[in-house]
Amino acid sequence: MGPLWGIDLGETKTEGAVFDGGSTLARIRVPTRAEDGYEQVLRSCAEVVERLEAETGLSRPTRIGFGTPGSCDPATGLMRNCNTVCLNGRALPSDLSQEVGSDAVVANDANCFALAEAHLGSGRGHRCVFGVILGTGVGGGLVLDGGAWAGANGIAGEWGHITADAEGEPCYCGRRGCVETVLSGPALEGYYHRLSGETLGLEDIVAAARTGGNKHAASTVERLCSEFGRLLAYVVNILDPDVVVLGGGVGLTDELYDMGTIALRKHVFHDGPRLRVVRPLLGDSAGVYGAGLLARTDGENRP
């Protein structure tokens, strides 16, 4: 198979890359312009493909991978749970295929993150990799034997909507107390505000906790680590992955790799040393590389 083409469709920017082995032949970013509607999103994707063609001198391939917010319902072919809301209820895979003239292989962006880290990053060489996104939202992606696994209903890995607290904060999904309402960046900042009456970004909260003297910041970081361990243990006890790779802005918090991992071990039904929580290696490249790898692995549910 020749160079892989991947496109990471984000709410504010759409990024494409063409890569072959360890070499990136081209990388392009354009504004998504989702505020201008669904048809504009399709045009932005087509623009990325056209510019990749121009920069590489290559003809577009028969298959291009797309990482997307939300997921595609395998029963209907329609998108759902997208924070880029104009995609919801739309037949994005078939519409993209028509727009760009190549077969569009579509997967959730968390699955693309996990797929990239499994093949090219911290999960390389492992059979079962769980990729965690901790950022503005909370998501997860599962890779089994080298293939992204979406499951029968396309929701595998969606641990962000496990109920953490049945009486907790409302979630955008319509339920209460989802993991996302506890571990996302906005949720942690909201928790700090409720304790202190002050508004701080998570990075400043973590810094204040480290310097000491701010008991509310310390409590927020302690909550992050303890709840991370308790809630991730549900996934670990079911999947028993070889490695868990953390991504997203909240995932940059150093305390998750010591305090958080200690908390995780308390809840896992095994206390052996092989449980590994690791940092990602690919940074912001994981989404677009994972999208390209979708084409090589023929999409999801293909271990």
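Trainee: Which residue in β9 does Val129 stand opposite?
Mentor: Val129 stands opposite Val143 in β9. Keep in mind that this is a predicted model.

Trainee: How do β8 and β9 pair, parallel or antiparallel?
Mentor: Antiparallel, over 7 bridges. Strand β8 covers residues 128–134, and a hairpin of 3 residues joins β8 to β9.

Trainee: Is β9 largely enclosed or exposed, and why?
Mentor: Strand β9 runs over residues 138–144, and 6 of its 7 residues are buried, so the rest of the structure largely encloses the strand.

Trainee: What about β10, how many bridges join β9 to that strand?
Mentor: There are 2 bridges, and the two strands run antiparallel. Strand β10 is residues 147–148. Leu144 stands opposite Gly147 in β10.

Trainee: And which residue in the turn has a positive phi?
Mentor: Asp145, with a phi of about 50°. That hairpin has 2 residues between β9 and β10.

Trainee: Switching to α1. How far apart are the end C-alpha atoms?
Mentor: They are 28 Å apart. Helix α1 has 19 residues, 38–56, and at 1.5 Å a residue the helix should span 27 Å, so the two values agree.

Trainee: Which residues of α1 are buried?
Mentor: Among them are Tyr38, Val41, Leu42, Cys45, Val48, Val49 and Leu52. Gln40 and Ser44 are buried too.

Trainee: What covers them?
Mentor: The cover includes strands β1 (4–9), β2 (13–20), β3 (23–31) and β4 (63–68), along with helix α2 (92–100).

Trainee: Last one: what follows α1?
Mentor: Gly57 does, and its phi is positive, near 75°.

Technical notes: Residues numbered from 1 in each chain as written. Predicted model: local features only at pLDDT ≥ 70, side-chain atom pairs only at ≥ 80, totals over all residues. Heavy atoms only, no water. Helix = DSSP H or I, 4+ residues; strand = E, 2+ residues; numbered from the N terminus. Expected span 1.5 Å × (residues − 1). Buried < 20%, exposed > 50% of the residue type's maximum accessible area, 1.4 Å probe, protein only. Contact = heavy atoms within 4.5 Å. Pairing = 2+ DSSP bridges.
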